[in-house]
Structures are given as C-alpha cells and as structure tokens.
Amino acid sequence: MFRGATAVLRRAASGGQGQGQGPGQEVGQGPGSARLEPSLLRFLVCPLSKRPLRYEEATNELINEELGIAYPIIDGIPNMIPEAARTTRKKPPAEGSKQP
C-alpha cells in the first residue's frame, strides 16, 4: 500500500509529466494556482482532527467542515500547517457577551 502512495506522491510532486503543464494546471493559470492531484485526496487527512478533507475547487483549498478551517493548495501542494489554515466560519459570540 505504501509503495502505491509513494508513487502517487512522487508523480504529483514532479508534475506527473516531463516539461510543460503539470496535472490539473490549466493554460492561463498563474504560478501558485496549480490544482490538487485528485488521487492524493484519499491519503490526506486534517492534521488536527485526523478526519478526511473535502477539496474545494473554486478556492483551491482542502476544507475541514467539522473544525471550519481551510488549508491552501500552493503549486499543487497542500499546505497542511495548521497556522496556514484560514477560518471558514464565524466564531459564535462568547457566552455572556451582549449583542449590539
């Protein structure tokens, strides 16, 4: 099982091809906007919750619905550092605080 995963990761890291466009990168996309290799999604989980992530193509992010965070994908590589994630939902008001 690990050999297959390693091969997929190597192909994704090397662009899966020789020179030219990488997998999932469309003509006209700027640097830093390469799409995630779909086969990687089954291996990736949130580093905080260890739960599967959902790929959001519109924002090119991996979403953890449970925690309300999104990890950016840069040059086709998910940035899974928790500090790099953005919040996807507003936090509820603190208890005891008055709404204006």
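Q: How many helices and strands does the chain have, and in what order do the elements run?
A: In this predicted model, the chain has one helix and five strands. Starting at the N terminus, the order is α-β-β-β-β-β.

Q: Why does the stretch 86-87 count as strand β5?
A: A strand needs a DSSP run of at least two residues. Strand β5 covers residues 86-87, so the stretch meets that minimum.

Q: What makes β3 a strand that is largely enclosed by the rest of the structure?
A: Buried means under 20% relative accessible area. Five of the six residues of β3 fall in that class, so the strand is largely enclosed. For the chain as a whole, buried residues make up 25% of the 100 residues.

Q: How do you know that β2 and β3 are paired?
A: Pairing requires at least two bridges between two strands. Four bridges join β2 (residues 61-64) to β3, so the requirement is met. The two strands run antiparallel, and Glu-61 stands opposite Pro-72 in β3. Four residues lie between the strands of this hairpin, and Gly-68 takes a positive phi near 70 degrees.

Q: Why do β4 and β5 each count as partners of β3?
A: The minimum for pairing is two bridges. Two bridges join β3 to β4 (residues 77-78), and two bridges join β3 to β5; each pair therefore reaches the minimum. Both pairings are antiparallel. Ile-74 has Ile-77 of β4 as its bridge partner, while Ile-69 has Thr-87 of β5. The hairpin of β3 and β4 has two residues between the strands, and Asp-75 in the turn has a positive phi of about 55 degrees.

Q: What makes the set that includes Leu-36 and Ile-73 a nonpolar core?
A: To belong, residues must be buried, be of the listed nonpolar types, and be joined through side-chain atoms within 4.5 Å. The largest such core has eleven residues: Leu-36, Leu-40, Leu-44, Cys-46, Leu-53, Leu-62, Ile-69, Tyr-71, Ile-73, Met-80 and Ala-85. Strand β3 (residues 69-74) gives the most to this core, with three residues. In soluble globular proteins, nonpolar side chains tend to be buried together.

Q: Why is Glu-61 called buried or exposed?
A: The cut-off for buried is under 20% relative accessible area. Glu-61, found in strand β2, has 8% relative accessibility, so Glu-61 counts as buried. Leaving aside residues up to four places away in sequence, Glu-61 touches Arg-54, Tyr-55, Glu-56, Ala-70, Tyr-71, Pro-72, Ile-73 and Arg-86.

Q: What makes the link between the side chains of Glu-61 and Thr-59 a polar contact?
A: For such a contact, the N or O atoms must lie within 3.5 Å, with one able to donate a hydrogen and the other to accept it. The contact of the two side chains is 2.9 Å, so the distance satisfies the limit.

Q: How do you know that Glu-61 and Arg-86 meet in a salt bridge?
A: The limit for a side-chain nitrogen of Lys or Arg and a carboxyl oxygen of Asp or Glu is 4 Å. Here the N to O distance is 2.8 Å, so the pair qualifies. This pair links distant parts of the chain, with Glu-61 in strand β2 and Arg-86 in strand β5, 25 residues apart. Arg-86 is partly exposed, with a relative accessible area of 39%.

Q: Why do Arg-51 and Glu-66 count as a salt bridge?
A: Their side chains meet at 3.5 Å, N to O, and the limit is 4 Å, so the pair counts. Arg-51 sits in the loop between α1 (2-14) and β1 (54-56), and Glu-66 in the loop between β2 and β3, 15 residues apart. Arg-51 at 45% relative accessibility and Glu-66 at 48% both count as partly exposed.

Q: What makes the pair Arg-54 and Glu-65 a salt bridge?
A: The N to O distance is 2.5 Å, which is within the 4 Å limit. Arg-54 is in strand β1 and Glu-65 in the loop between β2 and β3, eleven residues apart. At 35% relative accessibility, Arg-54 counts as partly exposed. Glu-65 is also partly exposed, at 48%.

Q: How many salt bridges are there by this rule?
A: The count comes to four.

Key:
Residues numbered from 1 in each chain as written. Predicted model: local features only at pLDDT ≥ 70, side-chain atom pairs only at ≥ 80, totals over all residues. Heavy atoms only, no water. Buried < 20%, exposed > 50% of the residue type's maximum accessible area, 1.4 Å probe, protein only. Contact = heavy atoms within 4.5 Å.
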